[in-house]
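Student: I have a model open and would like to learn how to read it. Can we go through it feature by feature?

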Amino acid sequence: MKHGHRDILVGLAGQPNSGKSTIFNMLTGARQHVANFPGVTVEKKWGDYRYDDGKIEVVDLPGTYSLTSYTQEERIARDFILLEQPEIVVVVIDASNLERNLYLAFQLREMDIPLVLCLNMMDVARRRGFKIDTQRLSAALDVPVVPTVGKRGKGRAELKRAIVETCERTDHHPAQWRMDYGGGLEPILVRLETQLRSREHLMEDFSARWLAVKLMENDAEARRILLHHTHDETGQQLCDSVDRLRREFVEEHGKSPEKIIAARRYRTAARIMDDCVSRDKADRRTLTDKIDAVVLHRLAGPIILAAVLFGFYEITMGLGTKLANWCFPYTQRLGEPIAGLFTSSDLLRDGIFQSLVTDGIIGGVIAILYYLPIFFVLFALLAIFEDSGYMARIAFILDRLLRGFGLHGQSTLPMLLGGVIVGGCAIPGIMATRAMKDQKARLTTILIMPLMNCMAKIPFYILIVGIFFASHKGLALYSVSVFSFIVALLVAKVFSRHLVRGETAPFVLELPAYHLPTVGGVLRRAIERVWLFLRKILTVVVAVMILVWFFVTFPGIGTKREVQYDLRMVSARDTLVKKLGTDNRYAGALQGNNLIEYLRFQQRYKEEKLAVGDNNSELRRLTRTFESQNREFFLLANRGRDAEGKIDRDAGKAARALRKFAGTVKKLKFKRRKEMVRDSYAGRFGRSLEPVTQLAGFNWRMNIAITSSFAAKENLVGTLGTIYSAEEGRSGEVGKSIRAAETDWTKRHAVAILIFVALFPPCIPTLIMVKSETGSYRWMFFTAVYPIILGFILAAIAFQIGAIFG
Amino acid sequence: MTLDEVPAGQEVTVVDLHLEGAEMQRLLDMGFVDGTRVKVVRNAPLKDPIDIKIKGYLVAIRRNEAKGIEVKTE
């Protein structure tokens, strides 16, 4: 990332739940950017603001309890401070949870960087009866302390001033403040410090005190730094002597140095608390305690959880889908100006570029844009769960259950988003796994995402269930989702036991105090995540869509067939001319290119009329506009009537002939399209697989539908429609034509297909997400392939067993 | 006695951690150092994990980890 011109770079550190992001928003306002830290999937947010003609850039570091090298977040936060060397670090402290938050502040203080302590959530602290003497606190740590209430923007000016003033201070004496680690450890630390100070170029970047403490803590990264910065064997010698010192220390004191170090830090924190904090209320039951007594109750807890999850599902599917349907006409129109650039003069065929742009690119992009409102609702609810503190409780309740399958309490939400009940989307599901610290459980959760019931599978379920299980629709759909859930759990268990390796994090999960989420905070996060998703997905989708378009379009049906189609078009046109007769006044208006012009006019008129609906005054206005554009065309398009409703007999006759003609053209176009799909590379592939897929009862038509809908499953019903040459899109119609074409299909065919589609491989955008979240093409490839194999084997087994029982 | 044996509602004092690496460091960071008073607030509905109050905040840990935390009553 470029920092460009900057005057001050600020690193914003703090523990989880300290209100760090509200402070970040308070400082930077709307000027924010989101990306990942290089090479990892940890979100990096940065933003800037102006102060006294200078630019202050703020980087929001991952929230961490400590600064060890055990977790990715801690390494990132630490490396940022050590390597990017911000002018100043602001550490956000939860004033109502001072003792634990100071523990982190001490470690930052030890790194010898200019520091400002932002004492946040002062309102909560006050409500809980804490009175904090900020001046004494400032003196105890030798850093400026600024009290704030980030949620309400209180303390903004003071914090901004403190940042600049601290940077400008020239009397910064880093080594003046020292944590006292006690009689056993201090002499060792001092000796180590002296040894480290002799390595000058190491000392340019690192504080000797900090490095000495970290070495005694047995910090792997600190050792690496030491070895990396010393080019002779003295580095290794120093490491060896640290090992010896640690061993001797354990022998002498019976405890490892890291225990003593942590204990001394907490002791110091407690001492500072005694010194600077008074409490005028006794420690009585807080609101959080009262809520938890109900929400985490042995019996009520799970019931409330089920209700909340149900509500969550209802809102995203209900409200989200409603919003998506409402937005869709507008998003669809986005493609129109571009599609309008490509108009074919061939009634039968779209131009090659037209088909590429409209079917391939615009079609693919718009299909994804459709889901954006649903994602927005999902992400907003997710933010409410996180900000309120309920998310951690979900993990708490369900951890035991999920752990048995190699998952984690925190897998609940990703699975829910992915559609474990019915109808979700794997992409937000995978994005939600970011909150999981346990890398192994996280990877397992990502890998089972394709087995969830994504929204695009639902129309297909409904289609098949509607044909074969019409009398038990609900039960059949329910069975599908239960089936996929059970398979997902079993697969997770196998994967986590035999396949997935990774950093397992200890399950130490803070249950933060409940907070009322703010509207601004929730919206901001939802928009941010939608945007992140868009940026990541769209470019790749375009590339992939072009590829898929190629495979379902080429090599084409050959000149011979094309000529045959042309001949049928010519004969259709002859019929039209004959029907019109030579004395029809409108025959002239439809000659040559005029016919195409007319058909376009008629299409436009039909669409706009549909859009106007029953609004009579609007309708009258519309007819008049169209009439004034081209009176002859209008009469034909309006079945021979003019805007006043007067009938022209010639026009009426011509209109009837035209309707018939248009119908024939449509049929021919559809037929040709179907043939093209069958003969395309994807089609040939599907047909060549038939001998194998026969085992599960799939014929080549199903194979083509499956292969060609790999890019996006929402095309599955549409592709089936093309193949079975029904009217596009309407599943009732598709159902009928499947029935008509596949007379030998029985329930076991249906079950096999349902099983296969339930375990269908994820769509391309999901695969891209898997790549970016796991950082590995191998896992991406794996996620694309294993559902096909697993789905096929299970489908084949079901099909063969079905054969035995008839 | 280890923390997983403490019944819900009881308060105890941390004596030592018998854990290693990341697990131990994380618990140290969260305040499980010797002499700290901790209270077992409740068990999860399926008895695991357990909800602990420590230094004024709540944290959930699995029984497996709680087994490594030596405590005493008084």
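Student: Let's start with the small chain. What percentage of the 74 residues of chain B count as buried?

Tutor: Ground rules before that: this is a predicted model, where local features need pLDDT of at least 70, side-chain atom pairs count only at pLDDT 80 or more, and totals for chains, interfaces and linings use all residues. Residues are numbered from 1 along each chain as its sequence is written, while chains are lettered from A and ligands numbered from 1 in the order in which they are written. Burial is a neighbour count on C-beta atoms placed from the backbone: 20 or more others within 10 Å means buried, 12 or fewer means exposed, and in between is partly exposed. By that count, 55% of the 74 residues of chain B are buried. In chain A, buried residues make up 42% of 806.

Student: Which secondary structure elements does chain B have, and in what order do they run?

Tutor: Elements here are DSSP runs numbered from the N terminus, with helices being H or I of at least four residues and strands E of at least two. Chain B has 2 helices and 5 strands, running β-α-β-β-β-α-β from the N terminus. Chain A, by comparison, comes to 36 helices and 10 strands.

Student: How do I judge whether chain B is as compact as a globular protein?

Tutor: Take the radius of gyration over C-alpha atoms and hold it against the globule rule, 2.2 Å times the number of residues to the power 0.38. The radius for chain B is 11 Å, close to the 11 Å that the rule gives for 74 residues, so chain B is as compact as a globular protein of that length. Its C-alpha trace spans about 30 × 25 × 25 Å along the principal axes.

Student: And the other chain: how is chain A divided into domains?

Tutor: Domain bounds come from an automatic or database domain assignment. For chain A that gives domain 1 (8-176), domain 2 (186-279), domain 3 (559-675) and domain 4 (676-804). The C-alpha centres of domain 3 and domain 4 of chain A are 38 Å apart, and the C-alpha atoms of chain A fill a box of roughly 110 × 70 × 60 Å along the principal axes.

Student: Now the interface. How many residues does each chain bring to the contact?

Tutor: A contact means that two C-beta atoms, placed from the backbone, lie within 7 Å. Chain B brings 28 residues and chain A 29. On the chain B side, α1 (21-29) and β4 (57-61) are the elements that give two or more residues, with α1(B) giving the most, 7 residues.

Student: Which strands pair across the two chains?

Tutor: Strands pair if DSSP finds at least two bridges between them. Here 4 bridges join β10 (508-511) of chain A to β4(B), and the two run antiparallel. In that pairing, A:Val508 stands opposite B:Ile61.

Student: What sheet results, and which strands stand at its edges?

Tutor: Follow the strand order: an open, antiparallel sheet of 6 strands reads β10(A)-β4(B)-β3(B)-β2(B)-β1(B)-β5(B). At the edges are β10 of chain A and β5 (69-72) of chain B, each with a single partner strand, so one side of each is left without a neighbour in the sheet.

Student: One last helix: is α1 (20-28) of chain A mostly covered or mostly open?

Tutor: Mostly covered, with 8 of its 9 residues buried, including A:Ile23, A:Phe24 and A:Leu27. After α1(A) comes A:Gly29, with a positive phi near 60°.
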